[in-house]
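Here's a predicted model to talk through. Let's ask how a few of its labels are earned.

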Amino acid sequence: MKIKKSLAISETGFVFDPSTGDSYTLNPIGLEILQMLREGNSREEITGTVTQAYDVDAMTFERYYFDFLGMLKQMQLVETDE
Amino acid sequence: MDKKPFERPVIKKLNAGMPSKFGLQVRHEPITEIDGVPVSSLLERYGSPLFIYSEKTIRSTFREAFRAFSSRYPNVLFSWSYKTNYLNAICKIFHQEGSWAEVVSGFEYKKALENGVKGDRIIFNGPDKSRADLQLAVKNGSLIHIDHFDELYELIEVAKESDAKPNVAIRINMDAGIYPAWDRFGFNYENGEAWDALNRIMHCENLELAGLHTHIGTYIMSTEPYRIAATKMAELAVGLERKFHHHIRYIDIGGGFASKNTLKGGYYPGSDTTPSFEDYAEAIVSVLMKADFHPDHLPLLILETGRALIDDAGYLAGTVVATKRLADGQRASILDAGVNLLFTSFWYDHDIRPAKPVSDQTEETAIFGPLCMNIDVIRKSTIFPLLKKGDPYVIRRVGAYNNTQWLQFITLRPNVVLIDNSSQVHVIRREETLETLNDLESTPEHLNVHK
């Protein structure tokens, strides 16, 4: 999944979508994941990074990761060709 | 190296110009322990979900209520409303504090007797008292509050048969300025029916008119209806003194005091809007102290309030079963306790808290129970922290009506524990098992043949 290139993401977790004018806020782990997605990291790479830093196993993380991707899709923050 | 605690990732859309109605961030202070006992250890030991009662809170709430009335009026009595919560341990705490028993069925009446309440300290209310119930109540010298003329005449027959002169009151319904006015219980004040009943009793040599009773409604968020009710009750009592030279021994003003829960649709939280015991007491007692009672015959004031005395002392703790997103993207959390255990969620916006520390992150969330039924909704939409599967939660103020109106529906009813004043935990009602229910059933023999 690729997120929209035009998104402005601040270091404190605010997101601005210039194509709609909508703003969003992320929690810290949501911000980390969004930044990794923008850098083109794969699911496996993201899972590895998160499970190393946080107290969570890969299986548990996976379900919340996909849930998070679902939210990004719902908010139309991903490239439309995905 | 210690890993950081994991919180599920979340993104929220910002709605500029539409802050929360109070303009403040909604914070969810966790309830990690109750009276010094960690919630997590309670769930581990006694299972999830779990009802938890605080003896300390019950006693302190009762004493606050009693003080509010007794500091204003010389002769006050509380009678514990069994239907609000008739777990024996809970009833016995109130009886230890000096409460009599207020019951509304033969079942509750016998429960009170088994809890050690003397017959003459039981107030028997309600529209359905069987002849056997009346006979038992007459034999025990209980206070029988008559609901309708059919009951009045049956009681006269029972009294004649027993050669006893039962102590009775009539229940009076009235316009106390609340809508809708309750007129289905007792005899109406405004249309003269109450006086008809009083005249009938006063001319009956088999009945002793001991008191007058009313119960104007439930969850009454204003004190004014109580002032009106007390005024009308005092007028009847003074009228009886004038007409029959009869001094009633008590005025029972019933219950109906609101707790600090927030009713569905309420704009402000109940904790900010519910009158205090002092407010209710001032409204009622100020009328009685001004009434024209004979100074030597100031009637006893009886209160039957239940909800306001027990709601705060009850907690329902449990575990998040799952989180999911609904079709429109809204977050939903499924808890392991639903409307089957939390009957009051049909009329309250319950205060649900995490039972362990959480971040300030929140999402608008629908809170569902575990039942495979569409009606199982605890909160349709609330700002809620980012709990995930397995996280513990606590629902506050569930002490009234839930352990009497709960349903054995789809799942079994869980353990109920009491934390005593020394923070010791006691199981006061065991969880149900399949055997509990199967013991009540029997299957005809021909259905036991398996094909």
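Q: What makes a stretch of residues a helix here, with a number such as α3?
A: A helix is a DSSP run of H or I with at least four residues, numbered from the N terminus. In chain A, α3 covers residues 58-74, and after α3(A) comes A:Gln76, with a positive phi near 55°.

Q: How do you know whether the span of α3 in chain A fits its number of residues?
A: Set one value against the other: α3 of chain A has 17 residues and reaches 24 Å from first C-alpha to last, close to the 24 Å expected at 1.5 Å a residue.

Q: Which residues of α3(A) are called buried, and what makes them so?
A: They're A:Phe61, A:Tyr64, A:Phe68, A:Met71 and A:Leu72. Buried takes 20 or more other C-beta atoms within 10 Å of a residue's own.

Q: Why say that the buried residues of α3(A) line one face?
A: Looking down the axis of α3(A), they fall within an arc of 100°, so one face it is. A:Met59 and A:Phe66, on the other side, are exposed.

Q: What do the buried residues of α3(A) pack against?
A: Their partners are α1 (28-38) and α2 (43-53) of chain A, together with β1 (11-14) of chain B.

Q: How do you know that domain 1 and domain 2 of chain B touch?
A: Contact means C-beta atoms within 7 Å, and 20 residues of domain 1 of chain B are in contact with 21 of domain 2 of chain B. On the domain 1 side, β20(B) gives the most, with 3 residues.

Key:
Residues numbered from 1 in each chain as written. Chains lettered and ligands numbered in written order. Predicted model: local features only at pLDDT ≥ 70, side-chain atom pairs only at ≥ 80, totals over all residues. Helix = DSSP H or I, 4+ residues; strand = E, 2+ residues; numbered from the N terminus. Expected span 1.5 Å × (residues − 1). Buried ≥ 20, exposed ≤ 12 C-beta atoms within 10 Å, placed from the backbone. Arc of directions from axis to C-beta. Contact = placed C-beta atoms within 7 Å.
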